[in-house]
Amino acid sequence: MGVVIPLEDNKNKQASVKPLVDLTLSDMERVNQLILSKAGSDVQMIPEVANHLISSGGKRLRPMLTLAAASMFGYEGDGHIKLATSVEFMHTATLLHDDVVDESDLRRGKSTARTIWGNQASVLVGDFLLGQAFRMMVDVGSIDALDVLSTAASVIAEGEVLQLSVAKNMETTEDDYLQIIRAKTAALFAAASEVGPIVAGGSKADRNALKSYGTNLGLAFQLVDDVLDYGGTSSDLGKNVGDDFREGKITLPVILSYRRGTPQDRAFWREAIEGGASDAANLEKALGLIRRYGGLTDTIARAKHYGTIARDALAPLPASPWKSALVEVIDFCIDRVS
């Protein structure tokens, strides 16, 4: 099942992450080597579980943001390599934990670690990766970078708990939901971006610009993921389409459709999400309601709004290939639904 969502102002040229990939290529090779090194352990199960997810084909956008944000301010050391690796380990740990909480069976087209090694191993290996991440942050020797990333780790955990507390609650508001994704997703994008100018010795204004960029890019990224769950493909999303519905997750397309619907429509959503009636027929009906009430198009509009804020955050910074690549990443994230 797939739905093509037309974007307004379609560009002839599809935005790409390739400029960012090309600019960070040599540094990312060093990051990948460090990932493999730091994921190693004499406890055999640890590298098995870690490498299962680490090698599963993610774009590694977050560590590339760290590398680019440091390089655009002229950084020439190697601290950004350790910080970028720390960011990727934090992200991988949250995925391992998320799959346990969500009882997910598929991640990036492969069986999740929890389905192969069990929930306990997934949680504990996630904890190991977090520990390794903090060790590398300490090695860099920047208290400010350590503060930003450790704060992000705490905020992400708060977001996970907040999402759990409103799970399957159809009275969740849009403001509630934005608070969740600001913590769960945007916090790491923001931290990954902000530690670049920190390690490069950038100004407070530079830090604030990259933090704002990362926050709003992360919000846009997550909102597009929400759309793809109801209107994309498994290859777009990295998991089964409709997983959010089957897991009873409250996302923005659902919130908008529920609040705009008739009493009968709202009764359906309560039965499907709160009551667990999430079979294929109800998924099809849910998709119809989301389309009818503009749940996908309006979520895309919200994503574009945050993308514009991210773009404006970088506007005062000097022109450079790094800045251009970071701006194009915004369009790339949003164009995933075109």
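The following legends describe close-up views of a predicted model.

**View 1. Helix 2 and the elements that cover its buried side.**
Helix 2 comprises the 14 residues 25–38. At 1.5 Å a residue, a span of 20 Å is expected for helix 2, and its end C-alpha atoms are 20 Å apart, which agrees. Asp27, Met28, Val31, Leu34 and Ile35 are the buried residues of helix 2. They cover an arc of only 115° around the axis, and therefore lie on the same side of helix 2. An α-helix has 3.6 residues a turn, so residues three or four places apart point the same way. Gln33 and Leu36 are exposed on the other side of helix 2. The cover over the buried residues of helix 2 includes helix 3, helix 4, helix 5 and helix 7 (119–140).

**View 2. The largest cavity and its lining residues.**
The structure holds one cavity of 30 Å³ or more. The volume of the largest cavity is about 40 Å³. Its lining consists of His52, Leu53, Ser56, Leu96, Asp99, Arg107, Lys110, Ser111, Thr112 and Ala113. At least two lining residues come from each of helix 3 (45–54), helix 5 and strand 2 (110–111). Sorted by class, three residues of the lining are nonpolar, four are polar and three are charged.

**View 3. Glutamate 103, a residue other than glycine with a positive phi.**
Glutamate 103 lies in the loop that joins helix 5 (79–102) to strand 1 (106–107). The phi of glutamate 103 is near 55°. With a relative accessible area of 57%, glutamate 103 is exposed, because the cut-off for that class is over 50%.

**View 4. Lysine 168 and glutamate 171 in the loop between helix 8 and helix 9.**
This loop runs between helix 8 (143–165) and helix 9 (174–199). Lysine 168 has a positive phi of about 60°, although it is not a glycine. The relative accessible area of lysine 168 is 38%, so this residue is partly exposed. Glutamate 171 is found in the loop between helix 8 and helix 9, and at 46% relative accessibility it counts as partly exposed. Which residues are in contact with glutamate 171, leaving aside its neighbours within four places in sequence? They are Asp176, Tyr258 and Arg259. Tyrosine 258 is 87 residues from glutamate 171 in sequence, yet their C-alpha atoms are 9.0 Å apart in space.

**View 5. Aspartate 226 in helix 10 and its contacts.**
Aspartate 226 is part of helix 10. Is aspartate 226 buried or exposed? Its relative accessibility is 1%, so aspartate 226 counts as buried, the cut-off being under 20%. Beyond its neighbours within four places in sequence, aspartate 226 is in contact with Tyr177, Asp244, Thr251, Leu252 and Pro253.

**View 6. Helix 14 and the helices against which its buried residues pack.**
Helix 14 has 12 residues, 263–274. From its first C-alpha to its last, helix 14 reaches 16 Å, close to the 16 Å expected at 1.5 Å a residue. Asp265, Phe268, Trp269, Ala272 and Ile273 are buried in helix 14. Seen down the axis, these buried residues fall within an arc of 110°, so they line one face of helix 14. Pro263 and Gln264 are exposed on the other side of helix 14. The packing partners of the buried residues of helix 14 are helix 12 (243–246), helix 13 (252–260) and helix 15 (280–292). Just after helix 14, glycine 276 has a positive phi of about 80°.

**View 7. Helix 17, a mostly covered helix.**
Helix 17 is formed by the 15 residues 321–335. At 1.5 Å a residue helix 17 should span 21 Å, which agrees with the 21 Å between its end C-alpha atoms. Of the 15 residues of helix 17, 12 are buried. The buried residues are Trp322, Lys323, Ala325, Leu326, Glu328, Val329, Ile330, Asp331, Phe332, Cys333, Ile334 and Asp335. They pack against helix 1 (18–23), helix 4 (61–71), helix 10 (204–231) and helix 16 (295–314).

Key. Residues numbered from 1 in each chain as written. Predicted model: local features only at pLDDT ≥ 70, side-chain atom pairs only at ≥ 80, totals over all residues. Heavy atoms only, no water. Helix = DSSP H or I, 4+ residues; strand = E, 2+ residues; numbered from the N terminus. Buried < 20%, exposed > 50% of the residue type's maximum accessible area, 1.4 Å probe, protein only. Expected span 1.5 Å × (residues − 1). Contact = heavy atoms within 4.5 Å. Arc of directions from axis to C-beta. 1 Å grid on protein atoms, 1.4 Å probe; cavity = no way out; pocket = protein on both sides within 12 Å on 5 of 7 lines; lining within 4 Å. Points joined across faces, edges and corners; volume = space filled by probe spheres on them. Nonpolar A, V, L, I, M, F, W, Y, C, P; charged D, E, K, R; others polar.
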